[in-house]
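Student: I have a model to go through. Can we take it contact by contact?

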Amino acid sequence: MEDAAPVPPVALTPPGDGPGAGPGPGPGRAEGAEGLFVVLGAGLAAASHPLLYVKLLVQVGHEPLPPTIGRNVLGKKVLYLPGFFTYARHIVKVDGKRGLFRGLTPRLISSTLSTVTRGNVKKAFPLEDMEHVSNKDDMKTSLRKVVKETSHEMMMQCVSRVVSHPLHVISMRCMVQFIGREVKYSGVFSAIIRIFKEEGILGFFVGVVPHIVGDVIFLWCCNLLAHLINTYAVDDNFSQASVIRSYTKFVMGIAMSMLTYPFLLVGDLMAVNNCGLRAGLPPYAPVFTSWIHCWRHLSAQGQLFRGSSLLLLVSP
């Protein structure tokens, strides 16, 4: 999962834009649409990069600014950690405005690889005879359609995740260098050579397993829950039934992205753990032997959702 927990694109597909939405466009229009998605994806990645940057620093436990005393909704005194804007101002003070975009280049490449890979997989393995689930379908038929569609989405997501993950690892490591003021990963090509020399080919895929597990759980739970709600909870006699059904999957996507956030956190921490940077070594984190070890460590400390919110951070 790329990247809050970011919601995979399949959960945000607008009505009529998925498989079976009608006759496909010609090759020229298809290529143009794919190019547009690449550009839009890159633009979104660039615009959201400062947010992701601050989130990662919070995820690894970097707290350069002291907490402030405040009160929660119950009137109890609590310590609040700096939010996104305060943290961002600190980064600008240290590194300047350009510092907010540390690690952006490998992230843009990762985003582009993910988008292009999904498009190529979709072309290579088209989902034939796929129709949108209708309330006129019987339970067995409609469920079979959902399972078929979700399996196809899962394949595209897993392949794109594996292909784009090496650049994701490089981007994460470039960003956490802020903590120790290192310059170990100064460019994409030099970072590729360094990781290969120090860690081998597997070094490019540290943390990919929890990301894939989170993606798979997200897709199946989101699609199946949305199907069950639309089938059993939304009454066809209700005048706004079609409107509700069109937003069910989107709402489920937001809910499931929150529930699967720990997989995103563990995957990102594993990407920077024990790589020679201060952020991946004690006292920020022990050297983890596996992502399960990392999960258990965070769970024991009650930190599985660390960094999930950047607007109001409460100090433990």
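Tutor: Start with a cut-off: buried means under 20% relative accessible area, exposed means over 50%, and partly exposed lies in between. Keep in mind that this is a predicted model.

Student: Is glutamate 198 buried, exposed or partly exposed?

Tutor: The relative accessibility of glutamate 198 is 42%. That value lies between the cut-offs of 20% and 50%. So glutamate 198 counts as partly exposed.

Student: Which residue forms a salt bridge with glutamate 198 across 3.1 Å, N to O?

Tutor: Glutamate 198 lies in helix α5, and its partner sits in the loop between α4 and α5. The two are 14 residues apart. Their side chains meet in a salt bridge, and the partner is lysine 184.

Student: Is lysine 184 buried or exposed?

Tutor: Lysine 184 has 19% relative accessibility. Buried means under 20%. Lysine 184 therefore counts as buried.

Student: How far apart along helix α5 are glutamate 198 and arginine 194, in helical turns?

Tutor: These two residues also form a salt bridge, with the closest N and O atoms 3.2 Å apart. Arginine 194 is partly exposed, at 33%. The two are four residues apart in helix α5, so the separation is about one helical turn.

Student: How many salt bridges does a search of the whole structure find?

Tutor: One of them joins the side chains of aspartate 95 and arginine 181, at 2.6 Å, N to O. Aspartate 95 is in helix α2, arginine 181 is in the loop between α4 and α5, and they are 86 residues apart. Aspartate 95 is partly exposed at 23%, and arginine 181 is partly exposed at 44%. The search of the whole structure finds seven.

Student: What should α2 span at 1.5 Å a residue?

Tutor: Helix α2 has twelve residues. The expected span is 1.5 Å times one less than the number of residues. The end C-alpha atoms are 16 Å apart, which agrees with the expected 16 Å.

Student: What arc do the buried residues of α2 cover around the axis?

Tutor: The buried residues are Phe84, Tyr87, Ala88, His90 and Ile91. They lie on the same side of α2, because their arc is only 155°.

Student: Which exposed residues does the face of α2 turned away from its buried side carry?

Tutor: Exposed means over 50% relative accessible area. On the face turned away from the buried side, the exposed residues are Phe85, Arg89 and Lys93.

Student: Which residue with positive phi follows α2?

Tutor: Helix α2 covers residues 84-95. The phi of the residue that follows is near 85°. That residue is glycine 96.

Student: Now the rings. Why is the pair of phenylalanine 263 and tryptophan 291 tilted?

Tutor: The structure holds six aromatic pairs, and this is one of them. The ring centres are 6.4 Å apart and the planes are at 50°. Planes under 30 degrees apart count as stacked and over 60 as edge-to-face, so 50° makes the pair tilted.

Student: How many residues apart in sequence are the parts that this pair ties together?

Tutor: Phenylalanine 263 is buried, at 12%. Phenylalanine 263 lies in helix α8 and tryptophan 291 in helix α9, so the pair ties together parts whose separation in sequence is 28 residues.

Student: What kind of pair do tryptophan 291 and tryptophan 295 make?

Tutor: They are four residues apart in helix α9, so about one helical turn separates them. Their ring centres are 6.4 Å apart. The planes are at 80°, so the pair is edge-to-face.

Student: Which residues do ring pairs link into a cluster here?

Tutor: Tryptophan 291 pairs with phenylalanine 263 and with tryptophan 295. Tryptophan 295 is partly exposed, at 24%. The cluster is Phe263, Trp291 and Trp295.

Methods. Residues numbered from 1 in each chain as written. Predicted model: local features only at pLDDT ≥ 70, side-chain atom pairs only at ≥ 80, totals over all residues. Heavy atoms only, no water. Phe/Tyr/Trp six-rings, centres within 6.5 Å; stacked < 30°, edge-to-face > 60°. Buried < 20%, exposed > 50% of the residue type's maximum accessible area, 1.4 Å probe, protein only. Salt bridge = Lys/Arg side-chain N within 4 Å of Asp/Glu carboxyl O. Arc of directions from axis to C-beta.
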